[in-house]
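User: I have a structure to go through and would like short, reasoned replies. Please take the fold, the cores, the cysteines and the charged pairs in turn.

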Amino acid sequence: SMWNGTGCKNREWFNMFFNLTGPPTGGDGIVDAEVRFFAGCNATRKTVDFGVEAVLLHPESKGRVVLASANPEVMPVVEFPPLWESDYDRLELIYKRLAEALGMLPEDFANERGQPLAEVVRSDAYLYQHVCCSARVARPGEPGVCNEDLQVRGVSGLYVADAAALPFTPSSHTSAPALLMGELAASSAWEATADRTTSARAEAAKRGQTRAS
């Protein structure tokens, strides 16, 4: 049953997150690197294949979002850049750190025996992005789209409730941070509505007392 599809699963088994740019010991520095571990069955060769993938959580390569029109119905232009050379170097460093931890050589992660790791990284790397931070939240006086309540600056009642409002790229996949931003935006909108309702009732009561007197 191993090779007929019932006993073999092609899947990602687990992930490892760690700090790449800071000291290797001591726990200092942000979590900025991830290694994904895969395994699967090759029915043709009757082998169990194992693979790893290095991921930069805080790449230096940057794209941009450009508003193509003042018309809100026109979609913005999203530009994804080629990876910068510094990010290729950091991807290579992830494999070197992993090889050191496993007692392997960095070249052991190459697709073809004898292929230099630097060549593998530059030929196989690809953009695997979770777009975020294009409408970032910021403190007063700092550049940004939203205030600390996730309300769009200068627009009453409009909130950003997804990963666009994140102030910086998170050290994780973006699903949980996006849910958190949605909850915070909903809470801010609810509190603002409650405050306006309370103020309106107080003003109405005040006007009623004035007419009665």
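User: How many helices and strands does the protein have?

Analyst: The model is a predicted one. Along the sequence, its elements follow the pattern β-β-β-β-β-α-α-α. The secondary structure therefore comes to 3 helices and 5 strands.

User: What percentage of the residues in the protein is buried?

Analyst: The protein has 213 residues. Its accessible surface comes to about 14,300 Å², and carbon and sulfur atoms account for 57% of that area. Of the residues, the buried ones make up 29%.

User: What share of the contacts with a separation of 6 or more comes from residues 24 or more positions apart?

Analyst: The count is restricted to contacts in the protein with a separation of 6 or more. Within that set, pairs 24 or more positions apart account for 48%.

User: Which element supplies the largest share of the largest nonpolar core?

Analyst: In soluble globular proteins, nonpolar side chains tend to be buried together. Here the largest nonpolar core has 18 residues, and Val-35, Val-52, Leu-91, Ile-94 and Tyr-95 have the most contacts inside it. Strand 2 (33-42), strand 3 (47-56), helix 1 (85-102) and helix 2 (117-124) each supply at least two of its residues. The largest share, 6 residues, comes from helix 1.

User: Which residues does Val-52 touch, leaving out those up to four places away in sequence?

Analyst: Val-52 is among the residues with the most contacts inside the largest core. With residues up to four places away in sequence not counted, Val-52 touches Val-35, Arg-36, Phe-37, Tyr-95, Leu-98 and Phe-109.

User: How many residues are in the other core, the one that includes Cys-132?

Analyst: This core lies apart from the largest one. Its members include Cys-132, Val-152, Met-181 and Ala-192. Cys-132 has a relative accessibility of 16% and therefore counts as buried. The core has 16 residues.

User: How many disulfides does the structure hold?

Analyst: A disulfide is a covalent bond between the sulfur atoms of two cysteines. The cysteine sulfur nearest to that of Cys-132 belongs to Cys-133 and is 3.0 Å away. The cut-off is 2.5 Å, so the sulfur of Cys-133, at 3.0 Å from that of Cys-132, is too far for a bond. The number of disulfides is 0.

User: Which residues form the nonpolar patch on the surface, and what is their accessible area together?

Analyst: One member, Val-65, is found in strand 4 (residues 64-66). Val-65 counts as partly exposed because its relative accessibility is 43%. The patch is formed by Val-65, Val-78, Phe-80, Leu-127 and Val-131, with an accessible area together of about 420 Å².

User: Is Leu-67 buried or exposed?

Analyst: Leu-67 has its place in the loop between strand 4 and strand 5 (77-79). Leu-67 and Val-78 are 11 residues apart in sequence, and their C-alpha atoms are 8.9 Å apart in space. The relative accessible area of Leu-67 is 70%, so this residue is exposed.

User: What is the N to O distance in the salt bridge of Arg-122 and Glu-85?

Analyst: Side chains of opposite charge can pair when their charged atoms come close. By the rule used here, the count of salt bridges comes to 8. Arg-122 lies in helix 2 and Glu-85 in helix 1, so their pair ties together parts that are 37 residues apart in sequence. The N to O distance in this bridge is 2.6 Å.

User: How far apart are the closest N and O atoms of Arg-122 and Asp-89?

Analyst: This pair links distant parts of the chain, with Arg-122 in helix 2 and Asp-89 in helix 1, 33 residues apart. Asp-89 is partly exposed because its relative accessible area is 39%. In the salt bridge of Arg-122 with Asp-89, the closest N and O atoms are apart by 2.7 Å.

User: Is Glu-92 buried or exposed?

Analyst: Glu-92 meets Arg-122 in a salt bridge at 3.6 Å, N to O. Arg-122 is in helix 2 and Glu-92 in helix 1, 30 residues apart. With a relative accessible area of 13%, under the 20% limit, Glu-92 is therefore buried.

User: Which residues are linked in a network of salt bridges?

Analyst: Arg-122 pairs with Glu-85, with Asp-89 and with Glu-92. At 29% relative accessibility, Arg-122 counts as partly exposed. The network links Glu-85, Asp-89, Glu-92, Lys-96 and Arg-122.

Technical notes: Residues numbered from 1 in each chain as written. Predicted model: local features only at pLDDT ≥ 70, side-chain atom pairs only at ≥ 80, totals over all residues. Heavy atoms only, no water. Core = buried A, V, L, I, M, F, W, Y, C linked by side-chain atoms within 4.5 Å. Buried < 20%, exposed > 50% of the residue type's maximum accessible area, 1.4 Å probe, protein only. Helix = DSSP H or I, 4+ residues; strand = E, 2+ residues; numbered from the N terminus. Contact = heavy atoms within 4.5 Å. Patch = residues over 30% accessible without salt bridge, like charges linked within 9 Å, V, L, I, M, F, W, Y side chains within 5 Å. Areas by Shrake-Rupley, 256 points an atom, 1.4 Å probe, with all protein chains shown as cover. Salt bridge = Lys/Arg side-chain N within 4 Å of Asp/Glu carboxyl O.
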